[in-house]
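The following exercises are to be worked through with the sequence and the structure at hand. Each task is followed by a solution in steps.

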Amino acid sequence: MWTRKAFLKSLGIGLYSISIGSVPLFLNRAIMASSDEERRRKTLIVIFQRGAMDGLMAVSPFKDSHLKKMRPTLMMNVDQSGQSLIDLDGSFGLHPAFNSMLPFFINRELAIVHGVGSPYPTRSHFDAQNYMESGTPGIKGTQSGWLNRAVGLLDREGTPLRSVSVTKRQPFATQGDESTVVVPDLRSFGLRSGHQTIKNIYRTLYSETGFEALRDAGQESISVMKMISAINASKHRPAKGIVYPKSRIGNNLRQIAQLIKADVGLEIAFTEMGGWDTHRRQGTTAGSFARQAKILADSVVALWRDLEDHRQNVVLLTMTEFGRTVRENGSGGTDHGRASCLFILGSQVDGGKVHGHIPVLAPEALEDQRDLPVTTDFRSVFAEVAAQHLSITNDTILFPGWSGRRLPLLS
Amino acid sequence: MFQLAKIRFALLLLLAFCLVATHVVATSLPYAKAGLTDREAATHLLNRFTFGPRPGQIDRVIEIGLDNWFRQQIESENSTAGLDLRLAQLGITNMTTFQVLSRHPSNGSLRSMAIRDGVVPENIVDLEADQLKTKLQEYAKEHRFRSQSLLMQELKGRKILRSVYTDNQLVEVLTDFWFNHFNVSTTHGQARPWIPSYEEVAIRPYVLGRFYDMLEATAKHPAMLFYLDNHQSNAEESATAKAKRKRRRTRKSRLSKTSLGAAKSEENMMSSQAIIPKPNKKRGINENYARELLELHTLGVDGGYTQADVVATARALTGWKVNGKYLNRIKKGKNSDNAINSFTFVKSSHDINPKTVLGQRLSPNRGIADGKQVLDIVAQHPSTAQHIARKLAVRFVTESPTEAYINRLAQIFLSSSGNLRQMIEGIATSPEFWAEAKRYRKTKSPFRFVVSTLRITEAEIKSTRQLSNWIARIGEPLYACQPPTGYADTGGYWINSGSVLNRANFGMDLFTGKIRGVRVKLAEDSPKQSLSERIQSLCLSLFPIRDTEKMWRQIGQILLASSPELKPDRKRTKTRRQQTAQIVGLIIGSPQFQVY
């Protein structure tokens, strides 16, 4: 378990005790570079799609006649028009709103896993998200999230910005003994008043207090503030030609890219995107699903291009708490289901494929006669990413109570 | 004549005795023995049994006497007139539970009702999104429906207003503790509109009463029945009364010996098997509530129960449901609940087979008595006593209570049959409690931090919305703790790099007037006072008995060394006021103010 004290001792470099002000980034880089390229940290970016994304529309088994029967208005096809599904492999078609991601599927950096979900069949958003974030489906009392446990299993000391959540509040996935910094927005992170005197008073009060936990937290906050203000000051703008969609997720991914490019030791980044709960008016090529899909895809693509120089060290993973019903409902939408699909982006990913398995969607093959059955436990995917990308192999701690196997997805 | 005088004298003596007796009954707080001055003791009492002292309150407590003050808190003797006026502003204050539910339909229900009443076409895809929204808003207005987000806002606002303004602080502090212990969350859609009632009906009335009563009230309340799924828990088909009747009919033709044997082996099978639940089926047991009942509400995770106990408990509690008749009345738009209870016991869903819970055998087919007996068993269990004692000790005394202390408190729990008032009195009269005075080793939760600030600054609150947002930002979204464990009670849980920054920012925003709906008094600038002296006097008022000399000296030094506009001078510039406000805000955000 990383302790704040240990960190403060180990870093030793005058870097973090420089008085509040600017930290020249070249100094930062010089010091980091001297500690070896190959020891450069790997970063895992997690995007939680909250609301239950319809995997069957995102990556659709377009030849399935049952699906066609059960989705009279929502079924999509592969044809020559630019408005239709993009044939990925003869069986699955990618929703056109995701088309900006297609080049990465083709160059094998993007993999899709279908039929993935939780063994515990709750259809409550709240419970299912909780289980996916705790990594212990079916157990409600778990006190930490799997990403927090992952931080604890990383193999060496980290920086104060090793685990960052770009969200309004701390998600359950990153809660626990290890510290995660919640940064809703890089530009406004810090003390309300930028005045030096205020900063000095804050620093003095927190560095000279006898209350240890408060002192450690205070000093850490000062380090984080310094690092973030240096990042803001360095004006790491997205590379030329890259535009992140004007949206919260676009903004969040831009900031994550900023953090990665600033070399602050970011190893785990979490963010989220809502708007996937398409009970009504889901639409096909246009509509609420297509809208969200395009924003997500374009944001991910912008990030991936922005991180061109860092790709070998970054993996991006999406997830959603469950999928949606095979059959469309009476309001032009779909209801809560079970399995969905997820995307993994990375240079070591076994990309250009749809992994996992979904059956022919005959009623008797469906769970409860209505839902896409879960054929891959989400932990098989998460554990694989953690092991191959972050070198975390202690699955017993990462996913207590799980005795499954990792799904080979990365090399 | 003489006889009369004797009688009068006897009566006077009796009266005197009664007066003395009632005084003797009041708990005697052993703070002098702990070597504390009146002032130190009063401060500690206020810190632990209220949400933080108000200016001058320490003196008032000393005036009326600490024992007396404590007794008044236990008896909730203080007037609530001022508070009631404030609460009257909230819509929910004057609503019955039924009205709260009827008037705050979820978005989904609103839509369904609008469709049912023909206001919105069934195939809503036909309407544009804005048209739909307008129609729904008009429909809601017509029926005097309010949004659930407004309901949540008022629920949170009620808690904030009560905690800041009530003079019966102890009950408020205890309601916060016990709600958290029997946590339910507004993130659960079905439970959500029941939560205002849950706090009022299942928690608050029992905080100084009997543990069993609170336990049973929470077990039966719709908020909990929905939140932990017991409402959906049903006996396995073969374990119902109906099935038994069916078996009896078909067995009539068989030999009686065989049927007896069959029944016995079924029971053995059910209790020894580690039954993996099949959740979310229309029929079948749901273990959620039973598990949390044992793990969180009573025995505690190491309390010595097994998976078999969880299953048996779940089986005993089958049939405990939210009353469909009550829900129907809401659906049909009736005016009142017609005195129907929101809880009901549904016989046909109850598992009638015998069970064994924590070594005690429950006879078959006793209906609701089954579940009640389980609640009784767990309420009196020694592990429960330990669990509750530990939690109370952590909340009121220290984050690391000794085993010996916990044992003593647990003993009070057991010998008083779970009398929570005696638990509090036991804590207040324990040397361990008083040993913590002046140590400041407990960390304020976000809620306590904000409320204690509002109390010490005598804030005037016109709107609670931004305050709730701040409390959530600092880490404690009210009534929205996702897991049933509730929030932890330790500094390590609350304090991290982000939260300390947020606390400082809260302080600064509060004092620079940036929190809408809240006004605090920043004592007027006295031109004769140097800025340093001002900071000093502020520190003294914020930290009544603590040695804050070091703090304001440090601040003073920094100020002196800083830019000219902050140097002590006579000009009441806007900048200076702004900066002063920020410094006060920082003091609120200082480490010293985070502990109590």
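Helices (H or I, at least four residues) and strands (E, at least two) are DSSP runs, numbered from the N terminus. The model is predicted: local features need pLDDT of at least 70, side-chain atom pairs count only at pLDDT 80 or more, and totals for chains, interfaces and linings use all residues. Residues are numbered from 1 along each chain as its sequence is written, while chains are lettered from A and ligands numbered from 1 in the order in which they are written.

**Exercise 1.** Determine in which helix A:Arg215 lies, and describe its surroundings.

Solution.
- Step 1: A:Arg215 belongs to helix α9 of chain A, residues 212-234.
- Step 2: A residue is buried if 20 or more other C-beta atoms lie within 10 Å of its own, exposed if 12 or fewer, and partly exposed in between, with C-beta atoms placed from the backbone. A:Arg215 has 19 C-beta neighbours inside 10 Å and therefore counts as partly exposed.
- Step 3: Two residues are in contact if their C-beta atoms, placed from the backbone, lie within 7 Å. When neighbours within four places in sequence are left aside, A:Arg215 is in contact with A:Tyr206, A:Ser207, A:Thr209 and B:Pro591.
- Step 4: From A:Arg215 to A:Arg203 the C-alpha to C-alpha distance is 9.6 Å, and the two are 12 residues apart in sequence.

**Exercise 2.** Summarise the make-up of each chain.

Solution.
- Step 1: Chain A contains 13 helices and 12 strands; chain B contains 30 helices and six strands.
- Step 2: In chain A, 54% of the 411 residues are buried. In chain B, 43% of the 596 residues are buried.
- Step 3: Of the contacts in chain A with a separation of 6 or more, 73% involve residues 24 or more positions apart. For chain B, 74% of the contacts between residues at least 6 apart in sequence join residues at least 24 apart.

**Exercise 3.** Establish which strands pair with β9(A), and whether its faces are covered or open.

Solution.
- Step 1: Two strands pair if DSSP finds at least two bridges between them. Strand β1(A), residues 43-49, pairs with β9(A) in the parallel sense over seven bridges. A:Thr43 has A:Val314 as its bridge partner in β9(A).
- Step 2: Strand β10(A), residues 340-346, pairs with β9(A) in the antiparallel sense over three bridges. Here A:Leu316 has A:Leu345 as its bridge partner.
- Step 3: Seven of the seven residues of β9(A), which spans 314-320, are buried. One side carries A:Val314, A:Leu316, A:Thr318 and A:Thr320, the other A:Val315, A:Leu317 and A:Met319, and both faces are covered.

**Exercise 4.** Classify the packing of α21(B) against α22(B) by angle and by handedness.

Solution.
- Step 1: Axes are lines fitted to C-alpha atoms, for helices over the stretch in contact, and angles run from 0 to 180 degrees between N-to-C directions. The axes of α21(B), residues 403-415, and α22(B), residues 420-428, are 9 Å apart, at an angle of about 150°.
- Step 2: Angles under 35 degrees count as roughly parallel, over 145 as roughly antiparallel, 65 to 115 as roughly perpendicular and the rest as oblique. The two helices are therefore roughly antiparallel to each other.
- Step 3: A crossing is left-handed if the near helix is turned anticlockwise from the far one by less than a right angle, and right-handed if clockwise. The crossing of α21(B) and α22(B) is right-handed.
- Step 4: B:Leu409, B:Ile412 and B:Phe413 of α21(B) meet B:Gln422, B:Met423, B:Gly426 and B:Ile427 of α22(B). Ala, Val, Leu, Ile, Met, Phe, Trp, Tyr, Cys and Pro count as nonpolar, Asp, Glu, Lys and Arg as charged, and the others, Gly among them, as polar. This contact of α21(B) with α22(B) has five nonpolar, two polar and no charged residues.

**Exercise 5.** Describe the side of chain B that touches chain A.

Solution.
- Step 1: The contact involves 41 residues of chain B and 41 residues of chain A.
- Step 2: On chain B, the elements giving two or more residues are α16 (288-297), α26 (491-494), α27 (497-511), α29 (549-561) and α30 (574-588). The largest share, eight residues, comes from α27(B).
- Step 3: By class, this side of chain B has 20 nonpolar, 18 polar and three charged residues.
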